[in-house]
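Welcome, and thanks for taking a look at this one with us. Please keep the viewer open while you read, so that you can follow each stop on the tour.

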Amino acid sequence: HQTRCDSDRHTVGRLGSAVFGRSSSTAAADRVGQMKVLCMHAAGLGELVAASLGADVDGRVVYADDSAVMITTKAPRGKVGGLSYVRNCFVVIGSVPRRRELAQAVQDIVSHIPRWSLPRTGRSYRLMFSLDGQLAGVPGGVRSRLESAVSRACGGRFTPRGGGDEYWTIT
């Protein structure tokens, strides 16, 4: 499926891309301007969450399925991440086509990071991977290449236990 929107209609179905994003709960400052946000929510509430995001943060739905909604909004990221009906929120930095293997998608992300705008925070960070709603791992070599690319882009240091920013690859 495409993650495009024409007028008030939105794409429903399986997320057709691997999304690379920054957890909104780790954001140090609110972003100014338009941003794309992937919001995870309890299964079965898609239409209600999509409507609520439209009302609460003036979100325009780009993609929706049974447990996730992607919106564009100008609302501060802290406001979106603080909504009680949203389980997790990720500010979308970029996306690549979904691949059969998560490792292939991560490799594609590595090659795109130099062209994407990662916030140059200098903060420590960790990497997380989600495949169809479940935490997942990727082979060490692919993960190392992603760590290097993110470190160069954001000026931060990788720390596996967290305590800083979180960058997620979600399919």
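## Two cysteines without a bond

Let's begin inside this predicted model. Cys89 is buried, with a relative accessible area of 5%. Cys39 is buried too, at a relative accessible area of 0%. What is the distance from the sulfur of Cys89 to the closest cysteine sulfur? That sulfur belongs to Cys39 and sits 3.3 Å away, which is too far for a bond.

The reasoning rests on one cut-off: a disulfide needs two cysteine sulfur atoms within 2.5 Å. A search of the whole structure accordingly returns zero disulfides. Cys39 takes part in none, its nearest cysteine sulfur being that of Cys89 at 3.3 Å.

## The overall build

Stepping back, the protein is made of four helices and 10 strands. Read from the N terminus, the order of its elements is β-β-β-β-α-β-β-α-β-α-β-β-α-β.

Of the 171 residues in the protein, 47% are buried. The exposed area comes to about 8,800 Å², and carbon and sulfur atoms supply 47% of that area. If we take the contacts with a separation of 6 or more, 76% of them link residues 24 or more positions apart.

One pair shows such a sequence gap in space. Arg77 and Met35 are 42 residues apart in sequence, while their C-alpha atoms are 8.6 Å apart. Arg77 belongs to helix α2, which covers residues 77-81, and at 10% relative accessibility Arg77 counts as buried.

## The largest pocket

How much space lies in the largest pocket? The volume is about 390 Å³. This pocket is lined by 21 residues, and the closest to its centre are Met40, Ser130, Asp132, Gly133 and Ile170. Elements that contribute two or more residues to the lining are β4 (35-40), β7 (88-97), β9 (134-135) and β10 (165-170).

Sorted by class, the lining holds nine nonpolar, seven polar and five charged residues.

## A buried threonine in the last strand listed above

Thr169 is part of strand β10. Is Thr169 buried or exposed? Its relative accessibility is 0%, so Thr169 counts as buried.

Which residues does Thr169 touch, leaving out those up to four places away in sequence? They are Val19, Phe20, Leu102, Val106, Ile109, Met128, Phe129, Ser130 and Leu146. Ser130 is a name we have met before, as one of the residues closest to the centre of the largest pocket.

## Two aspartates with positive phi

For the backbone enthusiasts, here is some background: most residues other than glycine have a negative phi. Asp58 has a positive value, with phi near 50°. Asp58 is placed in the loop between α1 (46-57) and β5 (60-64). With a relative accessible area of 64%, this residue is exposed.

Asp132 also has a positive phi, near 50°. Where does Asp132 lie? Its place is the loop between β8 (125-131) and β9. Asp132 has a relative accessibility of 48%, so this residue counts as partly exposed. The same Asp132 appeared earlier, among the residues closest to the centre of the largest pocket.

Technical notes
Residues are numbered from 1 along each chain as its sequence is written. This is a predicted model: local features need pLDDT of at least 70, side-chain atom pairs count only at pLDDT 80 or more; totals for chains, interfaces and linings use all residues. Side-chain values use heavy atoms; hydrogens and water are left out. Buried means under 20% relative accessible area, exposed over 50%, partly exposed in between (1.4 Å probe, protein chains only). Contact means heavy atoms within 4.5 Å. Accessible areas come from the Shrake-Rupley method with a 1.4 Å probe; for residues, only the protein chains shown count as cover. On a 1 Å grid over the protein atoms alone, a cavity is a set of points where a 1.4 Å probe fits but cannot get out, and a pocket is an open set with protein on both sides within 12 Å along at least five of seven lines; lining residues have an atom within 4 Å of a point. Grid points are joined across faces, edges and corners, and a volume is the space filled by probe spheres set on the points. Ala, Val, Leu, Ile, Met, Phe, Trp, Tyr, Cys and Pro count as nonpolar, Asp, Glu, Lys and Arg as charged, and the others, Gly among them, as polar.
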